[in-house]
Each structure stands twice: as structure tokens, then as C-alpha cells.
Amino acid sequence: MVLIVVEAVSKLQHPAPVAGWSVVLIAGAGVVVNGATALMFGRGHKDLNVRGAFLHMAADAGVSVAVVVAGIVMMVTGWRWVDPVASLIVAGAVLGLTWGLLRDATNMALAAVPRSVNAERVEEVIARCPSVVSYHDLHIWAISTSDTALTVHVRRNTHEHNDAFLDELAASIREQCGITHITIQVEYGNNDGDNAY
Ligand SMILES: [Zn+2]
């Protein structure tokens, strides 16, 4: 990215000779190949690695499109500043696309709640259970780029149907919140979690 910007600025100061139609044709082929590959990976995939691959191919296709457009405009008009300006626009676009990927990777490294999970929704699902008095130590974190884990301590007002309670709560969290690895610890008693362990 830095190299593209440096190159573009130096070209703005010292315009290079205009490239021929062959460059436009080669870049045109690049648009088709990179565009088709990017479409194969698909946009908005959950897995960070697949999204990284998509962004890479989409960026390559974008660079090729910029080369084609800049080349044609330069040859038709003779405006040599078009090439470096197009380079700067592409550099900005790639930086913007990469930002989201960087944020997700940082979130995962910091064990933050993944963007795909709505923590408030999880709390609603737990609190909605009739026998749940309170809950604490709720943790949600990514264990891979597409799997999320949850642990929680819930305090119940009864010993009744404990296995069924665990099954139902885990199924609700899995289905309604998209969390795949769930660990629930059940506790009893009347205190409200002030001296919880
Ligand atoms: Zn506890």
C-alpha cells in the first residue's frame, strides 16, 4: 500500500510515457480472472481465511479495472495524471476493505465477543427461563474463525428436571444465537450471586 502511494506521488511529479493498448488488454484479462475467482469465494463469508482470500482477489480485480480505465482514458485524452490518481483511489479502496478483516482478527486475538453474536440476545434467552433466578460469569469468545464458545453460571430456584433444563437452554442458545460450544454450570440457593463462585 505504501509503495503504491509513493509510486503514485512520484508519477504525479514526473509523468511516465503512456503505455500501449497491450497493457489495457492484459489488465482486462486480469479483471476477468480475478473477478471470477473472487465471486467463487463469495462475499461476506463467516470464515476469516475465506474472507481474506476474497478480499485479495477482489483487490486484484479492482487494480486491474483501474489499469484498464486509466489506460483507456490516458490514450484517448492524453491526460497522464489519470494513472497516479487511479492508483491512489485503488490504494484507498483496498485499505477500506482490509479494515474490517483487521478488526475481526484483532477481536479474536483479544477474545472479545464476536461480531456475529448478539450478547444482549444471549442474556435474554438465559433470563427468559422460568426457573432461572440469576446468572453470572457469562463469557462468549471465538475459538476459531467460525466457531464460538460460551460459558455461564445460572442460579435456579429448583432441582427439578435439571437435565431437561440444560438441554433446552443449550439448544435455545445454539439455535437463536449461533453459538456452537456451550458450557452451563447450574447453582442453587437464594443468594443473588453476590458471593458467587
Ligand atoms: Zn458461579
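Six helices and three strands make up the secondary structure of the chain in this predicted model. Going along the sequence, the order is α-α-α-α-α-β-β-α-β, so a run of five helices comes before β1 and β2, and α6 then sits between β2 and the last strand. The overall build is a spread-out one: the radius of gyration comes to 27 Å, well over the 16 Å that the globule rule gives for 197 residues, so the chain is more spread out than a compact globule. The box tells a matching story, with the C-alpha atoms filling roughly 80 × 30 × 20 Å along the principal axes. As for burial, 31% of the 197 residues count as buried, that is, they have under 20% relative accessible area. Contacts that span long stretches of sequence are well represented: taking pairs at least 6 residues apart, 64% of the contacts join residues at least 24 apart.

The chain splits into two domains, with domain 1 covering residues 2–109 and domain 2 covering 119–187. Helices α3 (48–77) and α4 (82–109) fall within the bounds of domain 1, while β1 (132–142) falls within those of domain 2, as do β2 (148–156) and α6 (162–177). The C-alpha centres of the two domains are 45 Å apart. Even so, the domains do touch, with five residues of domain 1 in contact with four residues of domain 2.

Next comes the largest pocket, which has a volume of about 360 Å³. Its lining is built from 20 residues, and the ones closest to the pocket centre are K46, P114, R115, S116 and T145. Of these, K46 belongs to domain 1 and T145 to domain 2, whereas P114, R115 and S116 lie in the stretch of sequence between the two domains. The lining as a whole has a shared origin too, since domain 1 and domain 2 each provide at least three of its residues. Looking at individual elements, α3 and α4 each supply at least two lining residues, and α4 gives the most, with three. The chemistry of the lining is mixed: seven residues are nonpolar, eight are polar and five are charged.

A couple of backbone details in domain 2 are worth a look. Most residues other than glycine have a negative phi. D137 goes the other way, with a positive phi near 50°. This residue is part of strand β1, and at 38% relative accessibility D137 counts as partly exposed. H161 is another non-glycine residue with a positive phi, here about 50°. Unlike D137, which is in a strand, H161 is found in the loop that links β2 to α6. With a relative accessible area of 60%, H161 is exposed, because the cut-off for that class is over 50%.

The same loop between β2 and α6 also holds E160, the neighbour of H161 in sequence. E160 has a relative accessible area of 49% and is therefore partly exposed. Measured against V113, which is 47 residues away in sequence, E160 lies 32 Å away in space, C-alpha to C-alpha. V113 itself comes just before P114 in the sequence, one of the residues closest to the centre of the largest pocket.

Notes:
Residues are numbered from 1 along each chain as its sequence is written. This is a predicted model: local features need pLDDT of at least 70, side-chain atom pairs count only at pLDDT 80 or more; totals for chains, interfaces and linings use all residues. Side-chain values use heavy atoms; hydrogens and water are left out. On a 1 Å grid over the protein atoms alone, a cavity is a set of points where a 1.4 Å probe fits but cannot get out, and a pocket is an open set with protein on both sides within 12 Å along at least five of seven lines; lining residues have an atom within 4 Å of a point. Grid points are joined across faces, edges and corners, and a volume is the space filled by probe spheres set on the points. Helices (H or I, at least four residues) and strands (E, at least two) are DSSP runs, numbered from the N terminus. Ala, Val, Leu, Ile, Met, Phe, Trp, Tyr, Cys and Pro count as nonpolar, Asp, Glu, Lys and Arg as charged, and the others, Gly among them, as polar. Domain bounds come from an automatic or database domain assignment. The radius of gyration is taken over C-alpha atoms; the globule rule is 2.2 Å times the number of residues to the power 0.38. Buried means under 20% relative accessible area, exposed over 50%, partly exposed in between (1.4 Å probe, protein chains only). Contact means heavy atoms within 4.5 Å.
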